[in-house]
Amino acid sequence: MSRNVYSSASFRERWAAAWRSFRVATWLGWQIESNWTDPFLFAVYSMVKPLASAAILVVMYGVITNGQFQHPIFPYIYLGNAFYIYVGAVMTGVSWAVIDDREHYRTLKYIYVAPIRIPAYWLGRGVARFLTGSFAVLITLAAGVLFLHVPFHPARVNWPLFLLSLTLGVVMLALMGLVLASISLMIAHHFFLIGEAVAGALYLLSGAIFPLEVLPPWLRPLGFAMPITYWLELIRRSLLGDVARGFPTLSGFTNGQLLGILAGLSVLFGLMAAVAFRLCDRQAREKGLIDQTTNY
Amino acid sequence: MSADLAIETHHLGRIYTIRNRRERRIRKEIVALQDVNLEVPRGELFGLLGPNGAGKTTLIKILTTLLAPTTGWARVAGYDVVREPQKIRPRINMVSGGETSGYGLLTVRENLWMFAQFYGLPSREANRRIEDLLRRIGLADRIHTKSSDLSTGLRQKMNIVRGFLTDPEILFLDEPTLGLDVNAARDVRQFIREWMDAHPDRTVLLTTHYMVEADELCDRVAIISQGRVLACDSPEALKRRLRREALFDIEITAPNGLTAAALEALPGVRKAVLSDADGGALLKLVLAEDSALPGVIGVLTERAVRVRHLTKREPTLEDVFVELVGRPLAEEEGRDEP
């Protein structure tokens, strides 16, 4: 009986510590994200950056297709690119906290010594990037609808599917970020490249701007193993209402099947995140890497 | 394990291995700590005295759960540092000197408040403690200053407050006055002493390579060199070991080839250390008794070395260090600690 009481208290304490870690890290992340410059410059930067990224894609598409912006494949590509902003924002936002705290602020060892749940802290640090990322997605979508005739009709949007997919996708990206954060604990050299490299590789592999059929056959299985592939498809279907013929990869799957695959892969990444953290945390403590700085 | 022990280590050791990146072979092994056995009771201000690279920081990293030992075990607050870090962390805090850690975009109050939140301190209580501690350490007027705008010394003071803010059972201070000017270092030492007086049940483990700091602050001191603890006792007891002997400082002209080894060969000379001084040298002697001094003076005269000034003095921790290590602490500096 006393053991049960103890276990229950311990469980409550763990959740209390996790919530505390997440809450304070969210506050810290927002302070860091929003205070690096004055509010006006921050607002301008937040608008210009996503629009500039989208403009590159639009110009490339325009040149290659001779300006066929009415073709149904264009909104498919445009939406894939717009929502891919979340991949960089959430996934690298979570993992960047390790590098930022260790190399820049030199606080990782004090964070580690504090009675917090480190994964919850990392997730909290990613929230600010999620918020700024959401703003960037909205700006990009608005620009697409207003200036490029991306077909967006609120009445035709499958809102339940969109909200469910978005939520599931953000959770999945955060869990992928945890895996990356754990690996970042172990890597002192070239760490700056990890987030960018992974986000870049996934951009090619997840069907964001072209169907998986374009990839060499030996690379396609990697694309199918990535939950982002299914997530982007669900987001596009929920907003556009149908499947673009130029993107036949997942046309044989129903929305329910895609949701099931996305949920399953998210659970898998959740398990991977837990295992990766345990392994990397132990290794980092054994090798003395937690407060090791490179002065790069 | 006694319930009264805050810290206990048993044959604790740590070896760093450096691998060849290409061949994946172990290129070099650095022994940072070896066979460290310590028992620190609750309520004690315990000092680790040793030069840079002696293993002090490595020991603190192990005790604060940041680093795993390679041999032996350590317990903090009764919990194993490898298997039970989550039980240790709510009970401890740490501060490292000589660094500029902290979130520069946040004010002093925000930095401290944030860390207080990690420890579950209610906001109102955290703010009360922040104001109190900042006032006591002389930083109250900078409470709304962004920490990036603080000088290195003031930033270090802020970090010291961070360590004390959570009222830890056991506090680890790694060279807390490193890089501070004389007045700031004195303020910090006084702050630590007052805190210990006000919290007699709390334990502080402090590392330093300043003899005065260890002598002034610590209830007990462990002298550590090259990863080994050479002696552990109260500063008084350590000095008492040398009180049976006679200590002399002799300022001389150029030594003219005279060596410490030659002097140590004389009857009654326990230890001789020669170091450069302005326009000559300083000879520190540990003699079995005063009567050994004429022999030393005789050798100096034979070598045409003139005595400028001669002082007989009380032993210090520096003398204890020289007695144990064979060299002054300044000569031991410069070894790189991993």
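**View 1. Where chain B meets chain A.** In this view, 24 residues of chain B are in contact with 22 residues of chain A. Keep in mind that the whole model is predicted. Two elements of chain B, β6 (92-96) and α3 (108-118), give two or more residues each to the side that touches chain A. Of the elements on that side, α3(B) gives the most, with four residues. Sort the residues of this side of chain B by character and you get 14 nonpolar, eight polar and two charged.

**View 2. E99(B), in the loop between β6 and α3 of chain B.** Here we look at E99(B), which has its place in the loop that runs between β6 and α3 of chain B. Is E99(B) buried, exposed or partly exposed? E99(B) counts as partly exposed because it has 19 C-beta neighbours inside 10 Å, and a residue needs 20 or more to be called buried. Look along the chain for P69(B) too: it is 30 residues apart from E99(B), and their C-alpha atoms are separated by 24 Å.

**View 3. Helix α10 of chain A from end to end.** This helix covers residues 255-287 of chain A, which makes 33 residues. From its first C-alpha to its last it reaches 46 Å, close to the 48 Å expected at 1.5 Å a residue. Which residues of α10(A) are buried? Among them are L262(A), L265(A), S266(A), F269(A), A273(A), A276(A) and C280(A). A handy thing to know when you follow a helix: residues three or four places apart point the same way, because an α-helix has 3.6 residues a turn. What covers the buried residues of α10(A) includes α6 (159-186) and α9 (227-240) of chain A. Just after the helix, G288(A) takes a positive phi of about 70°.

**View 4. A four-stranded open sheet in chain B.** Read across the sheet and the strand order is β12-β13-β11-β14, with antiparallel pairing. Which strands sit at the edges? They are β12 (269-277) and β14 (307-313) of chain B, each of which pairs on one side only. On average, neighbouring strands are turned by 15° against each other, direction ignored. Helix α11 (residues 317-325) of chain B packs on the sheet, where it touches β11, β12 and β13 (280-287) of chain B. The direction of α11(B) makes about 115° with that of β12(B).

**View 5. Zooming in on β11 and β14 of chain B.** Strand β11 (residues 246-252) of chain B and β14(B) pair in the antiparallel sense over six bridges. To find your way around the pair, look for I250(B), which stands opposite L310(B) in β14(B).

**View 6. Two residues with a positive phi that are not glycines.** Most residues other than glycine have a negative phi. D167(B) is not a glycine, yet it has a positive phi of about 50°. You'll find D167(B) in the loop between α5 (152-165) and β7 (170-174) of chain B. D167(B) is partly exposed because it has 14 C-beta neighbours inside 10 Å. Then there's Q226(B), another residue other than glycine, with a positive phi near 50°. Q226(B) is in the loop between β9 (220-225) and β10 (228-233) of chain B, and it counts as partly exposed because 17 other C-beta atoms lie within 10 Å.

**View 7. S123(B), in helix α4 of chain B.** S123(B) lies in α4, which takes in residues 123-137 of chain B. S123(B) is exposed because 10 other C-beta atoms lie within 10 Å, and 12 or fewer earns that label. A198(B) is 75 residues apart from S123(B) along the chain, with 23 Å separating their C-alpha atoms.

Technical notes:
Residues numbered from 1 in each chain as written. Chains lettered and ligands numbered in written order. Predicted model: local features only at pLDDT ≥ 70, side-chain atom pairs only at ≥ 80, totals over all residues. Expected span 1.5 Å × (residues − 1). Contact = placed C-beta atoms within 7 Å. Nonpolar A, V, L, I, M, F, W, Y, C, P; charged D, E, K, R; others polar. Pairing = 2+ DSSP bridges. Axes fitted to C-alpha atoms, helices over the stretch in contact; angles between N-to-C directions.
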